[in-house]
Amino acid sequence: MLLNTYEPWKFAFSAQTDFDNIKKDSYGIIGVPFDSTTSYHSGARSGPIVVREASYGFEKYNINFKSSIDTVFYDFGDVNVVPGNCEATCKIVEDTVNELLDLEIRPITIGGEHSASIGVIKALSEKYDKLTVVHLDAHRDLAFKFIGEKYSHATVMRRAHEFGVDLVQIGIRSSSAEEDEFVDSTYNIQTFKNKDVHRHMDAVQYYLTTVDTPVYLSIDMDVFDPAIAPAVGNPTPGGLFVSEIEDVVKSLSYKNVVGMDVVETATNKLGENTAVTAAKIIYDFLSLV
């Protein structure tokens with residue numbers, strides 16, 4: 001082993017991967033470098049690289065939460081995707097997550113476009129009888145089809161809902177009329193729009209304390225205001241602030257979070273605002289669990 005070197009393509013503070021001595025019930029990072037259904041700003045396939053690189057800018061001690069990254073977690077690298085084939089890529093992600101679950105590892109996915117979450121949620125929904133997906137996003141992502149495709153960044157949560165999960169959507173500020181009608185027609189989708197978060201974060205936090213199932217946390221980087229995270233697939237003004245996301249992550253850290261993703265970082269520029277902010281979300285989560 002060479003001294004005075006580090007592995008820049010693994011998330012900072014991740015443990016050496018020794019499959020004979022994997023710590024059970026820990027977290028494992030996978031990247032999904034895929035953006036083939038992107039409908040506006042492409043580039044999310046570079047997200048896993050730039051988010052990992054940005055993670056090296058943080059201290060092991062997290063001053064905001066007065067905690068350190070003491071938990072053992074792993075970075076298993078990137079999934080081999082099929083460019084141009086979203087359904088096939090989702091199936092590969094699902095199979096990869098099932099391998100992690102067999103090792104008793106909880107997945108953390110770095111995207112890549114949001115469609116990557118379909119495969120993760122499918123695997124987790126089959127493992128757990130009940131699952132709540134806490135979905136932070138500017139958009140509902142509840143289209144049945146988008147431009148004729150069932151597997152797309154805009155249909156993620158519709159597919160998830162079909163798997164039988166409950167949804168809590170936070171930061172929403174863009175939706176089609178059909179998506180709103182679908183939400184009104186079902187009983188297990190709770191919505192907190194962007195202004196609800198800005199004005200009533202205490203109500204959001206209280207609601208999260210009432211969730212009594214395993215939780216999957218899915219964060220589309222466009223939930224942030226574009227002034228904070230501009231390099232996303234579909235930037236939408238009026239977004240959330242870093243401190244608000246911190247509050248949500250802290251509230252969920254007391255729950256049984258069985259996986260998470262941070263997706264739609266659409267840049268190949270090292271040190272770009274969006275990449276650094278995405279790395280911070282994962283860093284904060286790992287500081288708290």
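## The open sheet

In this predicted model, 8 strands form an open sheet with parallel pairing, in the order β4-β1-β5-β10-β9-β6-β7-β8. The edges are occupied by β4 (73-78) and β8 (189-193); each has a single partner strand, so one side of each is left without a neighbour in the sheet. On average, neighbouring strands of this sheet are turned by 15° against each other, direction ignored.

Within the sheet, strand β6 (residues 132-136) and strand β9 (residues 215-220) run parallel and are joined by 5 bridges. Valine 133 stands opposite tyrosine 216 in β9.

## Helices on the sheet

Helix α1 (residues 47-54) packs on the sheet, where it touches β1 (26-32), β4 and β5 (105-111). The direction of α1 makes about 110° with that of β5.

Helix α9 (residues 273-288) lies across β1, β4, β5, β9 and β10 (257-263). With respect to β10, helix α9 runs at about 165°.

## Packing of α2 and α3

Two packed helices are described by the angle between their axes and the distance between the axes. For helix α2 (residues 86-102) and helix α3 (residues 116-127), the angle is about 45° and the axes are 7 Å apart. The two helices are therefore oblique to each other, and the crossing of α2 and α3 is right-handed.

On the α2 side, the contact is made by Cys90, Val93, Glu94, Val97, Asn98 and Leu101. Helix α3 contributes Ala116, Ile118, Gly119, Val120, Lys122, Ala123, Leu124, Glu126 and Lys127. The residues of this contact divide into 9 nonpolar, 2 polar and 4 charged.

Methods
Residues are numbered from 1 along each chain as its sequence is written. This is a predicted model: local features need pLDDT of at least 70, side-chain atom pairs count only at pLDDT 80 or more; totals for chains, interfaces and linings use all residues. Side-chain values use heavy atoms; hydrogens and water are left out. Two strands pair if DSSP finds at least two bridges between them. Helices (H or I, at least four residues) and strands (E, at least two) are DSSP runs, numbered from the N terminus. Axes are lines fitted to C-alpha atoms, for helices over the stretch in contact, and angles run from 0 to 180 degrees between N-to-C directions. Contact means heavy atoms within 4.5 Å. Angles under 35 degrees count as roughly parallel, over 145 as roughly antiparallel, 65 to 115 as roughly perpendicular and the rest as oblique. A crossing is left-handed if the near helix is turned anticlockwise from the far one by less than a right angle, and right-handed if clockwise. Ala, Val, Leu, Ile, Met, Phe, Trp, Tyr, Cys and Pro count as nonpolar, Asp, Glu, Lys and Arg as charged, and the others, Gly among them, as polar.
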